[in-house]
Amino acid sequence: MNRAQYRHGLKQARLRRRPMRAIAVALIAAGGLLLAACGSGSSTSSAAASSTSGLKSAYTGPSISSSALASMIFKATYDHVSPSSLPANLVETLRVAGAEQLTSAQQTLIASCVKNMGCSTGGTGSLTVGILDPGPNVYLTLFDAEGVAQALAYKQIKSVKILDANYDLGTFLTDFRSFIALKPSILIVNNSYGASALPLFKQATAAGILTFAVAQGVPGGTPGKDFTSVVYNDECALWTGAAQAAVDTTTSGSKVAALLTGPAGGTYSSESWPCIKKVLAASGWTVGYTGYTSYTPQGEITAANAMLSSGKNISAVFYESGPDNIIKAYLSAGKTPPNFYSAGGVSQSTYALWKKEQGTVHQFNVYVASLQPWEYRVAVTAGVDKIVAGTPIQAEDIFPRVTLPIQQTLGFADTSVPASTAMTSLLPATALNSLFG
């Protein structure tokens, strides 16, 4: 296949998948909730600035105060921690994101870039960024937008290209191969397909592409060898904390839990469920239901109905995506929702739903963690700093996340953005409205 034929095939693949992303964007506006060609040339700029993280930085924009950085850290992690206790790449990423002053034109460009599966950034350099998603949904739309925003902060980056796989393994692997052939400078891969993608991670790395496994790991793979870096949180630590919170706060009633995830055999459940079960079992809890939602509204409603009809008095639900559809199913059935532990996907609508029921007979509790949509940003920053400034890349950028009662995070509620906008975005409200409006 020659280059012209290959580009035509890639264009057709984009056209095939673009309507699905448009559907996801339309669902956001309607209040619906879904959940998870250039060489790698060097930058035209040789300047590298110092940063508060201690790393050599390719960023040459405005600075940020220490207090502003602390606010960014709490918004990003829901944890009040010192910058010195965090991975340096994360601190540098948040420094850049907090200092970046997006113009109105750039905020419009972010939305256009995501909706059109890529764009020229206006940068004067030669670097390119590729983003491979497992499928289109409101969360991944936000992840993409965060990645594009970070790319705009670096004049060394000239373009971003995005592909999503419509939740089809074959398409995901085909798209992965497409990116290997295109050889972007930085490749960000959100892998929902476990070890199936490992051979392609190895191929991309062998081809000289800085390849980041972001938001999910690669079972069987070795970070720093089979791929450049893994950028995500410690799933076991997060869910161990969530399970312990359930044990500590459930002082009466049943000790029965439900475990939900997206696709069967996915990376999230393989990492989180054993840790949850260990804590629960040690305190005499049982798992009364396990369900697979595919991260779709219908899948979540089906799981909720199955829990309601199971005859099990479920008191805690653990799910890495948003709780809205499940909570609504319980309320529609005239039942009080179980305590819900959501490690991601909590949206503005979740806050409104929780607030509406407080003080009623069906008031419920939600425990939340930061969605961390900024993880794509980390890959961009780490990759550019490596190429431009020679800054080493951490093989494992593992970030802290904690679970908090939703009432402790009400400061992030914002009625000026669409209700289904996921929380903890680092984008300004005007950019979110341009993206999802």
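Here are three short exercises, with solutions, on a predicted model.

**Exercise 1.** Work out the strand order of the six-stranded open sheet and find its edges.

*Solution.* Start with the order, which reads β10-β9-β11-β12-β13-β15, with mixed pairing. Next, look for strands that pair on one side only: these are β10 (286-292) and β15 (404-405). Now zoom in on the β10 end. Strand β9 (residues 256-261) pairs with β10 in the parallel sense, over six bridges, and Ala-257 has Val-287 in β10 as its bridge partner.

**Exercise 2.** Place helix α9 against the sheet, then describe how α8 meets α9.

*Solution.* Helix α9 (residues 267-282) lies across β9, β10 and β11 (316-319), at about 170° to β9. Then bring in α8 (residues 235-249): its axis and that of α9 come within 8 Å and cross at roughly 35°. The crossing is right-handed. Residues making the contact include Trp-239 and Ala-243 of α8, and Cys-275 and Ile-276 of α9. By type, the contact residues split into nine nonpolar, three polar and two charged.

**Exercise 3.** Trace the salt-bridge network that links Glu-100, Glu-146 and Arg-377.

*Solution.* Take Glu-100 with Arg-377: their closest N and O atoms are 3.9 Å apart, which just fits a cut-off of 4 Å. Glu-100 sits in the loop between α3 and α4 (104-115) and Arg-377 in helix α13 (residues 375-389), so this pair ties together parts 277 residues apart in sequence. Now the other arm: Arg-377 also bridges to Glu-146, at 2.5 Å. Glu-146 belongs to helix α5 (residues 138-152), 231 residues away from Arg-377. Finally, check burial: Arg-377 has a relative accessible area of 1%, Glu-146 has 0%, and Glu-100 is buried too.

How values were computed
Residues numbered from 1 in each chain as written. Predicted model: local features only at pLDDT ≥ 70, side-chain atom pairs only at ≥ 80, totals over all residues. Heavy atoms only, no water. Pairing = 2+ DSSP bridges. Helix = DSSP H or I, 4+ residues; strand = E, 2+ residues; numbered from the N terminus. Contact = heavy atoms within 4.5 Å. Axes fitted to C-alpha atoms, helices over the stretch in contact; angles between N-to-C directions. Left-handed = near helix turned anticlockwise from the far one by under 90°. Nonpolar A, V, L, I, M, F, W, Y, C, P; charged D, E, K, R; others polar. Salt bridge = Lys/Arg side-chain N within 4 Å of Asp/Glu carboxyl O. Buried < 20%, exposed > 50% of the residue type's maximum accessible area, 1.4 Å probe, protein only.
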